[in-house]
2 protein chains.
Amino acid sequence: MPKVVLATRNAHKVPEISRILAGAGVPVDLVAVTEFPGVDDVEETGLTFAENALLKARAVAAATGLPALADDSGLAIDALGGMPGVFSARWAGVHGDDGANLRLVLAQLTSVPDDHRQAAFVCVAALALPDGTAWTEEGRVDGVVVRAPRGTNGFGYDPIFVPDGSALTTAELSPDEKDAISHRGRAFRAIAPHLAALPGA
Amino acid sequence: MPKVVLATRNAHKVPEISRILAGAGVPVDLVAVTEFPGVDDVEETGLTFAENALLKARAVAAATGLPALADDSGLAIDALGGMPGVFSARWAGVHGDDGANLRLVLAQLTSVPDDHRQAAFVCVAALALPDGTAWTEEGRVDGVVVRAPRGTNGFGYDPIFVPDGSALTTAELSPDEKDAISHRGRAFRAIAPHLAALPGA
């Protein structure tokens, strides 16, 4: 099993992504970047999910000398020109205030008619090697933004997003149901073949 | 001089747009829609400036039986996918809170590097006749969004927008200097020939 660093400070992502990759037939020894104390955070200055995922994966691969995985994801709303997009976690101006972000999106969309509320959860996964070689893969779930939050599972914009073909918001789906259609799952399943081709895999 | 209704509740726009049209050699007898008490506001449900300007002009022309002018305008920021765009006046969630809108845009752009802060003030002017015939014309001023407000003239996003070729924000320009490059001036000067072709002009 190749040792791969996951470029995230978010501890719950390590088991989630390990599970996704194992499910894709590519088990890896995934370690969080937090286990490398000298490695600092990279500022996410990119204007696309791919730019930010690459920034993080390349910086961590260079700093650790190991292959590195990273992702960037968010909600892209058609009526908002694809926003909040890369700004999803800090849409209301402060990083990580899920409630404020969600309320702001609903307020901005107040006048947007029901038939123009299409959106997608998008995730780009990046794999980078210490020499700078890198790959990206995108996963997405299409759906619509509803007018009021429903459900208590998940996080972020889950309570206001209804995937196409579902009557429930992603916050009303069970974790297993959500995983099955997840944009993150799709992106990391798509990156798995690149991992499988690494030396030692 | 043809009598034309201006579809706005904003009283200061009547002399401004009368002046622009007279300067373009097309004097019109411009009256505010507020002088027609039975005519209600139209909800701006459009997703583009042109859609909203047309919605307003067509509704007022139909309700008054006179040619009607309307405009919709806003700040389109490249890094925000063209937003706040049609949502410029209510970006922070409440209509017309200029300070909150401006602070939110600055917070959203915090991590966006100086060489990726391009934006444009855009205005679309619409002229509609009672029979539904309509024209639209766009005016724009390109520039960049700076990191802190400067200047006290103007309103809205003027304190954070520096037009290309200027060192000053549009809130640091005099009203005359701003008018000379204004997106609204450009849009209404472009609509003037359509007014000049009206019966009675």
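Student: What is A:E43 in contact with, once its neighbours within four places in sequence are left aside?

Tutor: A:E43 is in contact with A:L55 and B:S111. Keep in mind that this is a predicted model. For this count, contact means heavy atoms within 4.5 Å.

Student: Why is A:E43 called exposed?

Tutor: Its relative accessible area is 52%, and exposed means over 50%, so A:E43 earns the word. A:E43 sits in the loop between strand 2 (29-32) and helix 2 (49-64) of chain A.

Student: And A:D72, is that buried or exposed?

Tutor: Buried: the relative accessibility of A:D72 is 6%, and the cut-off for buried is under 20%. A:D72 belongs to strand 3 (residues 68-77) of chain A. Residues it touches, not counting those up to four places away in sequence, include A:E44, A:T48, A:F49, A:K56 and A:V122.

Student: What makes the pairing of A:D72 and A:N52 a polar contact?

Tutor: Their side chains are joined at 3.2 Å, and a polar contact needs N or O atoms within 3.5 Å, one able to donate a hydrogen and the other to accept it.

Student: Which residues does UniProt list for "binding site"?

Tutor: The unreviewed UniProt entry lists A:E43 and A:D72. They span 30 residues in sequence, but no two of their C-alpha atoms are more than 12.3 Å apart, so they gather at one spot.

Student: How do you know which relation links chain A to chain B?

Tutor: Chain A superposes on chain B by a rotation of 180° with 0.0 Å of shift along the axis, at an RMSD of 0.0 Å. That is the relation of a two-fold axis. In chain A, the C-alpha nearest the axis belongs to A:G81, 2.4 Å from it. The same surface serves both copies, as 100% of the contact residues of chain A recur in chain B.

Student: What span should helix 5 of chain B have, and what do its end C-alpha atoms show?

Tutor: Helix 5 (residues 183-196) has 14 residues, which at 1.5 Å a residue should span 20 Å; the end C-alpha atoms are 21 Å apart, which agrees. There is also a kink of about 25° at B:A190, shortly before the proline B:P193.

Student: What caps the N-terminal end of helix 5 of chain B?

Tutor: B:S182 does, with a side-chain oxygen 3.0 Å from the backbone nitrogen of B:R184.

Student: Which elements do the buried residues of that helix pack against?

Tutor: In chain B, the buried residues of helix 5, among them B:F188, B:I191 and B:L195, pack against partners including strand 1 (3-6), helix 1 (13-23) and helix 4 (175-181).

Notes
Residues are numbered from 1 along each chain as its sequence is written. Chains are lettered from A and ligands numbered from 1 in the order in which they are written. This is a predicted model: local features need pLDDT of at least 70, side-chain atom pairs count only at pLDDT 80 or more; totals for chains, interfaces and linings use all residues. Side-chain values use heavy atoms; hydrogens and water are left out. Copies are superposed by least squares on the C-alpha atoms of residues with pLDDT of at least 70 in both. Helices (H or I, at least four residues) and strands (E, at least two) are DSSP runs, numbered from the N terminus. The expected span of a helix is 1.5 Å times one less than its number of residues. The bend at a residue is the angle between axes fitted to the seven residues ending there and the seven starting there. Buried means under 20% relative accessible area, exposed over 50%, partly exposed in between (1.4 Å probe, protein chains only). UniProt positions are given in the numbering used here, feature names are shortened, and annotations may be inferred rather than shown by experiment.
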